[in-house]
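Ready for a few exercises on a structure that is new to you? Take a look at the model first, then work through each task and check your steps against the solution.

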Amino acid sequence: MISPEVRRWIVSFGVAAILWEAVAWYLDNKLFLVRLGAIGERFVELIQSGELISDIQVSFIEFAGGFGLAIIIGIGFGVLMAASRRVRDLFDPWVSMLYATPTIALGPLFMLAFGIGYTSKIALVFLTAVFPILINTLAGLKTTDRNLLEVVRSFGATPRQIYFKVRIPGALPFIIAGLRVSVARALVGVVVAELFGARAGLGFLIFRSAQSFDTAGLFVAVFILAICGVVCVELLKWIEIRLAPWRFNNIEED
Amino acid sequence: MNAPKLSTRDLCKSFQKDGVSIEVLRGLNINVAKGEFVSIVGASGCGKTTFLRLVNGLIRSSSGSAMIDGREVTAPGSDIAFVFQQDGLLPWRNVIDNTIIGPEIQGRNLGEARDLASSFLNLVGLRGFEKHYPHELSGGMRQRVNMARALTAGAEVLLMDEPFAALDAQTREIMQTELTRIWSETGKTVLFVTHQIDEAVFLSDRVLVFTVRPGRLKEEVFVKLPRPRELALKRSPEFGLYVDRIWRLIEEEVRESIRRETEEALLAARR
Ligand SMILES: Nc1ncnc2c1ncn2[C@@H]1O[C@H](COP(=O)(O)OP(=O)(O)O)[C@@H](O)[C@H]1O
Ligand SMILES: [Mg+2]
């Protein structure tokens, strides 16, 4: 038995694949759109040569490093800013400004500063991913329901107990939502960072393939990135629903 | 007469708002005996919630004091439990974990608290719902958890702020009879705020009528109806007389409150 949702996905992708094949056959332009079969063949080749494995490895390390750092620093700084008025006043303008800046534009600068290796990539991924996490952590900790605060206060809760029993659990769903936004940004960060200069990685595979007119190779990288993005976002959505089912109770889809 | 369980001495409260001082309560002297059920009625905005928050120690008085067993209340503690108008259940905790939060905060034995919580959940008719989450319950059920939570805290004094206001009329009547039963079984001292006069008469030994802001005690009415009370009592002539009397006391206050509200709304609109 397959669920209706899975069936919808299959139908949707099936239709898209047929359209893809039809357009590729009609255009007959191997630089713009290659047949899906060709992409599959290229995928197998890249696996066999070992290239793809090392590209995935490199990109994964950059992603995990940058995103992991963004989680630690984003949550840590969010907690600090929520706890201290002074820290908040000091950093608020910077956070707002940097959040609005397309920090990806700093990529070339990071290459110059940290070289072509992991450090510059991790720094760029971190910078693109950290702000949604930080801002959501701060917002989650600051928008605690007054009624809940009053309830635990009425039982004599200490500020510490209020923090751990109400503010943090209340902020968790916000933080997960922040991670969901950040994950997509971090993936973009990985690709763009590698476009500015790299020795390996999925972004670099895109660059390499484009240079040698290997459209099939380019699509291999794009598809892998797309799948990673979807899996991460869906996973976080799943965690969010598990963690805070009451927030989804009144939402009706039509 | 014995020393009162709960008392206030010249209790006053003003709030500062945008540099303006609003006097909310003025010179309240109230005594509540141990085991007594006292209701407060008054126009909306007259300071009823503020009064309960002062007695609980959630906010500090501008002058005067509130006392439990002759000791001044300075901060919330384990001798008073508050039943709020909004149920205030933590959405990430199931029913039993919500119910034991008082003892948990006060660092008491959690095993005992759980047993106590189960028995009170049973008392309010929620046996079998221990593992449910608040969003899986109806408004009436959540309000009963709210009540069980306050009872589990083990305080001798219960402050209740319009706990049934959000419920539909039928559920409210059932909850009223449940509350009188629980009160008579546990011997708590209760201070109960409501805007429903018949609810106040049905539940109380005494009804305090507050004036408009600044809230003062306008009159107290002793309700000398026999106990235990059944819902049928509400249709008796004696009951009607009490309701009429309190309504006449409060009518003028409510009119004044409505007049002020309109005036303030007009002022705000003009700005
Ligand atoms: N924290 C506060 N700051 C400023 N004004 C307040 C505050 N709490 C209550 N008030 C004001 O005090 C008055 C009485 O409020 P409240 O005690 O909630 O009335 P009631 O419960 O009788 O309806 C209202 O005019 C309200 O606006
Ligand atoms: Mg109120």
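**Exercise 1. Find how many residues each chain brings to the contact between chain A and chain B**.

Step 1. Contact means heavy atoms within 4.5 Å. By that rule, chain A brings 18 residues and chain B brings 23 residues.

Step 2. A word on the setting: this is a predicted model, in which local features need pLDDT of at least 70 and side-chain atom pairs count only at pLDDT 80 or more, while totals for chains, interfaces and linings use all residues. Residues are numbered from 1 along each chain as its sequence is written, chains are lettered from A and ligands numbered from 1 in the order in which they are written, and side-chain values use heavy atoms, with hydrogens and water left out.

**Exercise 2. Work out the area buried between chain A and chain B, and which residues of chain A supply much of chain A's share**.

Step 1. Buried area is the accessible area (1.4 Å probe) that two parts lose on being put together, summed over both. Here it is about 1900 Å², and carbon and sulfur atoms give 69% of it.

Step 2. Look at A:Phe155, A:Lys165 and A:Trp246: they supply 37% of the area that chain A buries against chain B, more than any other three residues.

**Exercise 3. Locate a salt bridge that involves A:Lys165**.

Step 1. A salt bridge needs a side-chain nitrogen of Lys or Arg within 4 Å of a carboxyl oxygen of Asp or Glu. Between chain A and chain B the count is 2 salt bridges.

Step 2. The partner of A:Lys165 is B:Glu104, with the closest N and O atoms 2.7 Å apart.

Step 3. Now see which elements give two or more residues to the side of chain A that touches chain B: they are α7 (146-154) and α8 (159-195) of chain A. Of the elements, α7(A) gives the most, with 7 residues. Helices here are DSSP runs (H or I, at least four residues), while strands are E runs of at least two, numbered from the N terminus.

**Exercise 4. Explain why the buried residues of α2(A) lie on the same side**.

Step 1. Buried means under 20% relative accessible area, exposed over 50%, and partly exposed in between (1.4 Å probe, protein chains only). In α2(A), the buried residues are A:Ile39, A:Arg42 and A:Leu46.

Step 2. They cover an arc of only 60° around the axis, which puts them on the same side of α2(A). The arc is that of the directions from the helix axis to the C-beta atoms.

Step 3. On the other side of α2(A), A:Glu41 and A:Gln48 are exposed.
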